[in-house]
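Let's take a walk through this protein together. Have a look at the sequence and the model first, and then we'll go from one spot to the next.

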Amino acid sequence: MPTTLLFELSDGIVRLTINRPDKLNALNATVIAELGDAVTRIETDAAVRGVILTGSGQKAFVAGADIAELTAQTPIEGQARAILGQQVFRRLERCGKPVIAAINGFALGGGCELAMACHIRIAAEHAKFGQPEVKLGIGPGYGGTARLPRLVGKGRALELLLTGGMIDAAEAYRIGLVNRVVSGDKLLAEAETLLRTILENGPLAIRACLEAVDAGLETSLDQALLLEANHFGLLSATEDMREGTKAFLEKRKPLFKGA
């Protein structure tokens, strides 16, 4: 049983909570390992259709890495730590099911990186974001230098990475780091409403969109367009496509089966 995560599945939605409130939900080796196990279940359990990822308590989503674990690491250990965390985050990003980060407080360092690995980010008004690693004499290890410029652009990303400064939720929304900002008491409800809106659509189509955007960003426009066309063709052979188009013509809600 996990000791640092809460995995709650209800009606197709997993609420995955980093549960170390006394440490502001900092990411230590145990959290990363248990998060990896949770991603495996998300990937393989057909009952899981989408995920809301959040942190325990009101202060922090994830306030960063557990610094106590970093102080004595060797270069080889540091590289291994970064690669393992990157692999877990990448698997979450590529799980084929929509993942929404409900950011309920500080999302710093590894916490900001974890939020960026989710597909959509909703922040509470009091949330704070930053990549403060340079203040410790190190750099991001879980994807900050890769995902942040892809989300907000090179210049804004470098300003955050090189100053190590924090921004509030309003600024994170302005620069495109988060999709929505809501009051803290409405955060989880807003995330669930959005996720259920997504899950009303065809699951195969959702997976195809996630895959096409993820792969398309890493290739040329022509290759991305070909990938999109391939997905469009494959989806045309599905029962869901036939059901969706038929339901539209019959002016009723479709009943998708993921087939």
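**A guided walk through the model**

Let's begin at glutamine 131, which is buried, since its relative accessible area is 1% and anything under 20% counts as buried. Keep in mind as you look around that this is a predicted model. You'll find glutamine 131 in the loop that runs between β8 (128-130) and α5 (144-152).

What does glutamine 131 touch, once its neighbours within four places in sequence are set aside? The list includes Gly109, Cys112, Glu113 and Met116, along with Pro140, Gly144 and Leu148. It also takes in Leu160, Leu161, Gly164 and Gly165. For a sense of distance, try jumping from glutamine 131 to phenylalanine 248: they are 117 residues apart along the chain, and their C-alpha atoms are separated by 46 Å.

Two of those partners, Glu113 and Met116, are in contact with glutamine 131 and also turn up where helix α4 meets helix α3. So how do these two helices sit against each other? Helix α3 covers residues 75-93 and helix α4 covers residues 110-117; they pack at an angle of about 30 degrees, and their axes are 8 Å apart. Angles under 35 degrees count as roughly parallel, so that is the word for α3 and α4. On the α3 side, the contact is made by Phe89, Leu92 and Glu93. On the α4 side, Gly110, Glu113, Leu114, Met116 and Ala117 do the job. Sort these residues by class and you get five nonpolar, one polar and two charged.

Now head over to another loop, the one between β2 (13-18) and α1 (29-44), where arginine 20 lies. Is arginine 20 buried or exposed? It is buried, because its relative accessible area is 12%, and the cut-off is under 20%. If you leave out residues up to four places away in sequence, arginine 20 touches Thr4, Asn25, Ala26, Asn28, Val31 and Asp66. Take valine 31 from that list: arginine 20 and valine 31 are 11 residues apart in sequence and, going from C-alpha to C-alpha, 9.0 Å apart in space.

Stay in this loop for a moment, as leucine 24 is also found between β2 and α1. Leucine 24 is not a glycine, yet its phi is positive, at about 55 degrees. With a relative accessibility of 31%, leucine 24 counts as partly exposed. Asparagine 25 has its place in the loop between β2 and α1 too. Its phi is positive as well, at about 60 degrees, although asparagine 25 is not a glycine. Asparagine 25 counts as buried, with 0% relative accessibility.

Finally, step back and take in the whole thing. The protein has 11 helices and 10 strands. Its C-alpha atoms fill a box of roughly 60 × 40 × 35 Å, taken along the principal axes. How does that fit with a compact globule? For 259 residues, such a globule would have a radius of gyration near 18 Å, and the protein's 19 Å agrees with that. Of the 259 residues, 43% count as buried. As for the outside, the protein exposes about 13500 Å², with carbon and sulfur atoms supplying 58% of it. And if you look at contacts between residues at least 6 apart in sequence, 68% of them join residues at least 24 apart.

Methods: Residues are numbered from 1 along each chain as its sequence is written. This is a predicted model: local features need pLDDT of at least 70, side-chain atom pairs count only at pLDDT 80 or more; totals for chains, interfaces and linings use all residues. Side-chain values use heavy atoms; hydrogens and water are left out. Axes are lines fitted to C-alpha atoms, for helices over the stretch in contact, and angles run from 0 to 180 degrees between N-to-C directions. Helices (H or I, at least four residues) and strands (E, at least two) are DSSP runs, numbered from the N terminus. Angles under 35 degrees count as roughly parallel, over 145 as roughly antiparallel, 65 to 115 as roughly perpendicular and the rest as oblique. Contact means heavy atoms within 4.5 Å. Ala, Val, Leu, Ile, Met, Phe, Trp, Tyr, Cys and Pro count as nonpolar, Asp, Glu, Lys and Arg as charged, and the others, Gly among them, as polar. Buried means under 20% relative accessible area, exposed over 50%, partly exposed in between (1.4 Å probe, protein chains only). The radius of gyration is taken over C-alpha atoms; the globule rule is 2.2 Å times the number of residues to the power 0.38. Accessible areas come from the Shrake-Rupley method with a 1.4 Å probe; for residues, only the protein chains shown count as cover.
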